[in-house]
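Biologist: Hi! Could you pull up the model so we can talk it through?
Modeller: Sure, here it comes.
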Amino acid sequence: MPRTTQLFSYHRKHAQLTEFAGYEMPLWYTTTSEEHLAVRNSSGIFDVSHMGRVEIKGTAATSFLEGVVPTAVKTQPPGKAFYTLLLNERGGIIDDLIIMRLSDEHYVLVVNAANKEADLSHLRSCSPGPNLEIADFTSASVMIAVQGPKAAASLQPLADLDLSQLKRFRFSETRVLGNRALVSRTGYTGEDGFEVILFDSTNDNPEKALRVWEGLAHSSSPCGLGARDSLRLEAGFPLHGVDIDPRTNPFEADLSWVISAGKGDYVGSKALSESKSPPDFVRRGIVLGRGIPRHGFDVLSDSGKVGVVTSGTFSPILRRGIALGRMDQNSSGLGAKVRVMVRDSEVESTVVKPPFYDEQAYGWRRRSNDN
Amino acid sequence: MDFQGYKIPEGLMYTKEHEWAKDEGGLIRVGITDYAAKTLNDVVYVTSPKVGDKVSQFSAMGTVESIKAVSELYSPLSGTVANVNQQLDSHPELVNKSPYDEGWLVEVKPSDYPTERKLLLDAKAYADHLGSLLKK
C-alpha cells in the first residue's frame with residue numbers, strides 16, 4: 001500500500017492520482033499545461049509533504065555538516081536556506097537538498113522523498129558522535145510550496161510574517177493560520193515563491209493542514225506532480241535519480257557552484273580534487289525543433305552519438321520540446337547544433353544553458369518582480 | 001452515454017485501443033475517445049499519417065503525444081487516408097476539448113468496411129470494455 005500525505009482527502013476528491021516514491025500523490029487537477037502556466041503567470045500550490053524533512057541538532061551540528069556537504073556551513077547566517085549536495089567518497093551525488101540554518105546548533109534538511117532512507121543512513125554513517133541528534137520529522141509535519149509571481153499575495157493573508165521582508169533563500173519561524181511553521185523563500189519552479197513546513201501535524205489530525213491548503217487554494221491553483229516536473233525542467237533544475245545520480249559528480253552535473261572554495265575536508269572532497277577537469281561529459285539543456293524528448297533518447301552529431309536525454313518534456317512557455325541531457329564535453333558548447341532521436345526521426349536541436357525561458361519575462365528574476 | 005464520467009456517444013464504432021470511427025457516408029472519420037483524451041490529459045503533438053497513405057485495421061498509423069506520455073494511434077479500419085485534421089497542428093488541445101468533434105484526427109476511405117466493421121465495438125460493448133479496464 002502506498003503512503004498518503006495529510007492532504008490526501010483533498011487530492012482524492014480533486015486530482016488524478018499517481019504513485020511516486022512510495023506515496024499516492026496528485027498527478028494533475030486540471031491539466032499539466034494549465035497548472036504550469038498558473039505558476040508562471042500567477043500562483044500555484046503543491047503538496048510536497050512527501051519530501052523528507054530531517055532535523056539536525058546539537059553542539060556538534062555545524063562541524064558535522066561542514067564535514068558532510070561541499071558548501072561552507074559555518075559562514076551561513078542564521079535564517080539562511082542553501083542548496084547543496086550529499087556526496088559519497090567517490091564524489092558522486094547521493095542526493096541534492098536544501099539546508100536551513102536555524103542556529104549554530106540547529107538545522108533542518110529537506111531531501112528527496114525517494115532518497116530519504118539512503119540519506120539518513122549516510123548521515124548516520126558519517127560518525128555523528130554523542131553531541132548530535134538526527135531526527136526524521138517528515139510524518140509529523142506537512143510541506144506546501146506556494147509558487148509564482150503572485151505567491152506572496154496568496155500566502156500573506158495566512159501568515160503572521162511580513163513576507164515582503166523575507167529575501168530569496170531566507171526563511172523564518174512564524175505562524176500560518178495560527179500553526180507553528182517554517183516559511184522559506186525557496187522552490188523548485190524557477191519562480192518567486194515559498195515553501196511552508198507546518199509542524200505538529202500528523203495523518204491522524206490532518207485538519208489544520210487541510211485548512212491551510214484550502215485557504216491557499218482560494219488564490220492559488222492546486223498543481224500536481226506533472227506540472228512540478230515540467231516547471232523544474234523549464235527552469236533547468238536537475239531531478240536526482242534521473243538527471244544526476246551517485247555516479248555523477250558535481251562537475252558533470254554542472255553543479256560545481258555549490259562547492260565552496262577553501263573549506264576543509266568533507267565526504268568526497270578528495271575524489272573531487274583528483275577528478276578529471278574538465279569532465280568527459282556535462283549536463284546541458286537541449287531545445288528541440290518538433291517532438292518531445294524522453295529519458296534515454298540519443299543525441300547525435302555528425303560524428304555519431306554525443307549524448308543522451310536524461311529528462312525531457314514539452315515546455316508550455318516555449319511550445320517546444322526541451323530536455324536536460326548528458327553531453328560529451330566536446331559537444332556541450334552553448335549553441336551547438338545536435339539532433340535528438342525522437343523514436344525513428346532525427347530532430348534538429350540546439351544545446352543551451354537553462355533556464356529555457358526568457359528571464360526578463362519569467363522566473364524570480366523577472367523585471368516586474370521588485371524583490 | 002456517460003460511463004463513469006467518460007462520454008461514449010451512441011452510433012459510433014470503437015476499438016479496444018480507444019479510437020472511435022464514424023461512418024460519414026463513404027469516408028470513415030477517426031479520433032480518440034474521451035477516456036483516451038482524459039488519460040493523456042494534455043495533448044501537445046499529433047502525428048498523423050499523410051493523405052494517400054495506406055493503413056490497415058488495428059495497425060499503428062500515428063502517435064498522439066501529451067506532456068507526460070506518447071500513445072500509438074491505431075487505425076480502426078483498413079483503407080487509404082483521405083483527409084487529416086490540419087487544425088491539430090496549431091491546436092492540438094482540440095483533442096482534449098472536443099475528442100468526438102473538432103478533435104477528430106483522420107478520415108479513411110475504407111477498403112473492406114462490411115467485413116471489418118464487425119470487428120469493432122458499439123458504445124455498449126466499449127463501455128463494458130472500459131469498465132473491465134477501470135476495475136483493474
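Biologist: Let me jump straight in: which residue in β7(A) stands opposite A:E55?
Modeller: That's A:V108. Keep in mind that we're looking at a predicted model.
Biologist: Okay, and how do β4(A) and β7(A) run, and how many bridges join them?
Modeller: They run antiparallel, with six bridges between β4(A), residues 52-57, and β7(A), residues 106-111.
Biologist: Which other strand is joined to β4(A) by four bridges?
Modeller: That would be β8(A), residues 133-136, again an antiparallel pairing. One pair to look at there is A:I56 with its bridge partner A:I134.
Biologist: Is β4(A) mostly covered or open?
Modeller: Mostly covered, with five of its six residues buried.
Biologist: Zooming out, what percentage of chain A is buried?
Modeller: Buried residues come to 59% of the 371 in the chain. On the outside, about 15400 Å² is exposed, and carbon and sulfur atoms supply 49% of that area.
Biologist: How many helices and strands does chain A have?
Modeller: Eight helices and 19 strands.
Biologist: And what does the radius of gyration say about the overall shape?
Modeller: Chain A has 20 Å, which agrees with a compact globule, because 371 residues packed that way would give a value near 21 Å. Along the principal axes, the C-alpha atoms fill a box of roughly 60 × 50 × 45 Å.
Biologist: Switching to electrostatics, how far apart are the mean positions of the positive and negative charges?
Modeller: They are 3 Å apart, for 42 positive and 44 negative charges in chain A.

Terms used
Residues numbered from 1 in each chain as written. Chains lettered and ligands numbered in written order. Predicted model: local features only at pLDDT ≥ 70, side-chain atom pairs only at ≥ 80, totals over all residues. Heavy atoms only, no water. Helix = DSSP H or I, 4+ residues; strand = E, 2+ residues; numbered from the N terminus. Rg over C-alpha atoms; globule rule 2.2 N^0.38 Å. Buried < 20%, exposed > 50% of the residue type's maximum accessible area, 1.4 Å probe, protein only. Areas by Shrake-Rupley, 256 points an atom, 1.4 Å probe, with all protein chains shown as cover. Lys, Arg positive; Asp, Glu negative; His and termini not counted. Charge placed at Lys NZ, Arg CZ, Asp CG, Glu CD. Pairing = 2+ DSSP bridges.
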